[in-house]
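Hi everyone, thanks for coming. I'd like to walk you through a structure that may be new to you, so pull it up and follow along.

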Amino acid sequence: MAKKNFKELFDPKESKWGGISLPMFLCALIVVAIVVYVPFGLDKEGNPGSFLRPNFLIMFSALAVFGLLFGEIGDRIPIWNDYIGGGTILVFFMAAVFGTYNLVPENFMKAVNIFYGKQPVNFLEMFIPALIVGSVLTVDRKTLIKSISGYIPLIIIGVIGASAGGIAVGLIFGKNPIDVMMNYVLPIMGGGTGAGAVPMSEMWASKTGRPASEWFGFAISILSIANVFAILCGALLKKLGEAKPSLTGNGELLIDNTKEAVRDKEVDVKPELTDTTAAFILTGVLFMVAHILGEVWESLGLGFDLHRLVFLILLTMFLNIANIVPDKIKAGAKRMQTFFSKHTIWILMAAVGFTTDVKEIIAAAAPSNILIALAIVLGAVGLIMLVARKMKFHPVEAAITAGLCMANRGGAGDVAVLGAADRMELMSFAQISSRIGGAMMLVLGSVMFSFFAS
């Protein structure tokens, strides 16, 4: 594949801006700038208004233009593209800078939080289910069964490696191993913010009697640092796979000699638009069932939560293993997954970036904290890569999913890591790490806080 260059971006005859020619893209950029920045009228509260309406289509398009601008540039910066993560990472960081330092109006930030936030209706709630269903349904049944049976032990191995790395470097800086485990390893490997750091802080508060924010403030900072390392490491693992093809399955997690035959079968099935539509509807129905199961589980009060995405993964696995879904709809699901993973990733990375506070990362940027966080991430990756082949997993894919997707900020971190590694098809395993692995860390945190928190 020929390398991208800056010259082609400024050729009016080329359509390199996401398939849009330069004149059309510049027009789109001007329109977005007017909508976002130009004041117009007054809002309902009497404050200066704007042309911005926070509906899905407008925010989708505005973030797309932002993503294309920095994504296409990032893919053409030589060292950045080769070793840092290219356009995907540049979109993320530039959006974080714009959001943190108020380079966009407050009403735009509110609209981003609606588009990508904690509200029931947001883009992430469509993006991740589409990737999960598309990836799990199109995995060969025998391959799927084999991979799940060994994947949970692989996550545990990653946690052991992370703990060993963090404790070793912590000792150099005079930190107690228990302190490293409770304040560094648990928040970093705990499944992200909402499903990890937040409930852990409540556990800590219940054991110590002090405000949860006291533990959470440091935890979120150290998690933010580790999240950046995880994203950068994802980009480096992509380059490692390109340099050492024997270490990677190019998106396949499990080492399986039959995968070539499986791929040939998939190529023969050509989905129609109706098949893709059917797959999208199936995704929505499965997500409804998963949500029902998640609510019922929570109502049982069993002491720990299972996120609805966990149930979505399990439901999709069942459909695949039982061979219930027709091949054409499976092919449609693959096409759906490709659309979201390849053609909307910069949009999502822009949204994730705008909601990321750069100041959180700076706040905990003491050399000792940075090195401990780095050691935790590298410890997980290193030990997993050492044992992956013996467990029938490709080392690069195993390190990305069972290692980096444990050491990031949950769902958003999974998207960023897989985007940097160009392995979006591994989203289902990333979600197992974030959800199942995160639940395991909550149990460990509860035990450790019971004995050692004071």
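Let's begin with what I'm calling an aromatic pair: two rings of Phe, Tyr or Trp pair if their centres lie within 6.5 Å. One thing to keep in mind throughout is that this is a predicted model. So, how many aromatic pairs does that rule give? The count comes to 23.

Here's one of them. The ring centres of Phe66 and Phe354 are 5.1 Å apart and the planes sit at 55°, so we call this pair tilted. Now look at where the two partners come from. Phe66 belongs to helix α3, residues 56-74, while Phe354 belongs to helix α16, residues 345-354, so the pair ties together parts that are 288 residues apart in sequence. And are these two buried or exposed? Both Phe66 and Phe354 are buried.

Compare that with Phe92 and Phe93. Their ring centres are 5.3 Å apart with the planes at 65°, so this pair is edge-to-face. The cut-off here is that planes over 60 degrees apart count as edge-to-face. As for cover, Phe92 is buried, at 3% relative accessibility, whereas Phe93 is partly exposed, at 26%.

There's also a group of rings to find on your screen. Phe56, Phe60, Phe115, Phe123, Phe127, Phe280, Phe339 and Phe340 form one aromatic cluster.

Okay, on to charges. In general, side chains with opposite charges can pair when their charged atoms come close. How many salt bridges turn up in the whole structure? The search finds 6.

Take Arg76 and Glu8. They form a salt bridge, and the closest N and O atoms are 2.7 Å apart. Arg76 is in the loop between α3 and α4, and Glu8 is in helix α1, residues 6-9, so this salt bridge ties together parts 68 residues apart in sequence. Both Arg76 and Glu8 are buried. They also have company, since Glu8, Glu72 and Arg76 are linked in a network of salt bridges.

Next, Lys110 and Glu106, whose side chains meet in a salt bridge at 3.8 Å, N to O. Which helix holds them? Both lie in helix α6, residues 106-115, and they are 4 residues apart, about one turn of the helix. Glu106 counts as exposed, with 56% relative accessibility.

Then there's Arg423 with Glu397, a salt bridge at 2.9 Å, N to O. Arg423 is in the loop between α20 and α21, and Glu397 is in helix α19, residues 395-404, so the pair ties together parts that are 26 residues apart in sequence. Arg423 is buried, with a relative accessible area of 6%, and Glu397 is buried too, with 0%.

Let's finish on the outside. Which residues make a nonpolar surface patch of about 450 Å²? They are Ile30, Ile34, Val38, Phe40 and Phe51. Pick out Ile34, which sits in helix α2, residues 22-37. At 38% relative accessibility, Ile34 counts as partly exposed.

One more isoleucine before we stop: Ile156, in helix α8, residues 141-172. Ile156 is partly exposed, at 39% relative accessibility. If you want a distance to try on your own screen, go from Ile156 to Leu63: they are 93 residues apart in sequence and 37 Å apart in space, C-alpha to C-alpha.

That's my tour, thanks for listening.

Notes. Residues are numbered from 1 along each chain as its sequence is written. This is a predicted model: local features need pLDDT of at least 70, side-chain atom pairs count only at pLDDT 80 or more; totals for chains, interfaces and linings use all residues. Side-chain values use heavy atoms; hydrogens and water are left out. Patches are made of residues with over 30% relative accessible area and no salt bridge: like charges are joined within 9 Å, nonpolar side chains (Val, Leu, Ile, Met, Phe, Trp, Tyr) within 5 Å. Accessible areas come from the Shrake-Rupley method with a 1.4 Å probe; for residues, only the protein chains shown count as cover. A salt bridge is a side-chain nitrogen of Lys or Arg within 4 Å of a carboxyl oxygen of Asp or Glu. Helices (H or I, at least four residues) and strands (E, at least two) are DSSP runs, numbered from the N terminus. Buried means under 20% relative accessible area, exposed over 50%, partly exposed in between (1.4 Å probe, protein chains only). Rings of Phe, Tyr and Trp (its six-membered ring) pair if their centres lie within 6.5 Å; planes under 30 degrees apart count as stacked, over 60 as edge-to-face and the rest as tilted.
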